[in-house]
Amino acid sequence: MSLHNTSRTPLLRRGLVALATSAALLAGGLVVAPAAQSSALPVVDVHKSQGTTVTTSMFASGSIITGDVEQQKLYPAKVGYTVSLAASGGTMLGAEVEVTVQKVNSRQVRKRTIEMNRTTTGFFSRGTLNFNGAVILPGTYRVGVEVFTVVRKPDGTRVRHLVDVSNGKSVQLRRDTRTTGTISTQATDGRSARINATTRVLTIDRGTLAWGPNHFGTAVLSFDADGPNEPKKPVFVRDLKIGADGRISTLVESRKGWWKVTYQGTSSRASSVAWIGQGDVGCGC
């Protein structure tokens, strides 16, 4: 991993203290061992040393950067994580673990120390890292993990393991978008009707939230006679062009049912949908 203004020295120092404390608790029978929860997690590293093995598994997820424009309230950008450590060839005495978050093509690495819970084979943790949505940029991020741990062999020998995984999982933090639309007539007799839609993206300018024009990405028009509450998949009609002002306009033959305008999103902007009813179809609530 290429680190920017970071050092493993604090991790090593804190790790030795944590391991000493954990070893004392384990010896006194004070560490509770919950059931193992890591069987389905992807393995991201297998570290072997002196007859002992530490297997690191992890999963991560991104989120949408969103907020309440009317209340001018921005919610945190969230990165979810699950990390599991399993040892063989001995007993894992403790673990100092940091989750790392690094934007693709950026040198900056954001690190958070996480609390690990002991399991029957090692340690496990699941949680969420919160970031300021006004500071962290949208896009694709690599989520990794740094681990310092010691495994005690049956003969008492202690073996250190230092694990550094820079890309355990790629996730996306995307700005929220909103797509709305109308149709020029509620007639359903096949006459020409115009669909007008607008897609907007959440903007954050010096702390002020607003819905700004969104012209990046692509949009698709589809039709569903039954509406948004039915499991039937809408039928594709055509690709749509998004104007520089975020506006979309297209002609269709009027019919009873629901037109669906889908903004498909990008790596930095979330997808969004507008359902436009035509004829006596109710509200689609």
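The following legends describe close-up views of a predicted model.

**View 1. Salt bridges in the model.** The structure contains four salt bridges. Side chains of opposite charge can pair when their charged atoms come close. Among the residues involved, Glu 98, Lys 111 and Glu 146 are joined in a network of salt bridges. The next two views show the pairs within this network, and a later view turns to Asp 245 and Arg 247, which also form a salt bridge.

**View 2. The salt bridge between Glu 98 and Lys 111.** In this pair, the closest N and O atoms are 4.0 Å apart. The contact links distant parts of the chain, with Glu 98 in strand 7 (residues 91–103) and Lys 111 in strand 8 (residues 110–114). The two residues are 13 residues apart. Glu 98 has a relative accessibility of 9% and therefore counts as buried. Lys 111 has a relative accessibility of 18%, so Lys 111 counts as buried.

**View 3. The salt bridge between Lys 111 and Glu 146.** Here the closest N and O atoms are 3.0 Å apart. This pair likewise links distant parts of the chain: Lys 111 lies in strand 8, and Glu 146 lies in strand 11 (residues 139–152). The separation between Lys 111 and Glu 146 is 35 residues. Both Lys 111 and Glu 146 are buried.

**View 4. The salt bridge between Asp 245 and Arg 247.** The closest N and O atoms of this pair are 3.3 Å apart. Asp 245 has a relative accessibility of 37%, and therefore counts as partly exposed. Arg 247 has a relative accessibility of 48% and also counts as partly exposed, because the class of exposed residues begins over 50%.

**View 5. An open sheet of five strands.** The strands of this sheet follow the order 1-2-6-10-9, and their pairing is antiparallel. Strand 1 (43–49) and strand 9 (117–118) stand at the edges. Each of these edge strands has a single partner strand, so one side of each is left without a neighbour in the sheet.

**View 6. The pairing of strand 2 with strand 6.** Within the order 1-2-6-10-9, strand 2 is followed by strand 6. Strand 2 comprises residues 52–61 and strand 6 comprises residues 77–88. The two strands pair in the antiparallel sense over nine bridges. As one point of reference for this view, Thr 56 stands opposite Leu 85 in strand 6.

Notes
Residues numbered from 1 in each chain as written. Predicted model: local features only at pLDDT ≥ 70, side-chain atom pairs only at ≥ 80, totals over all residues. Heavy atoms only, no water. Salt bridge = Lys/Arg side-chain N within 4 Å of Asp/Glu carboxyl O. Helix = DSSP H or I, 4+ residues; strand = E, 2+ residues; numbered from the N terminus. Buried < 20%, exposed > 50% of the residue type's maximum accessible area, 1.4 Å probe, protein only. Pairing = 2+ DSSP bridges.
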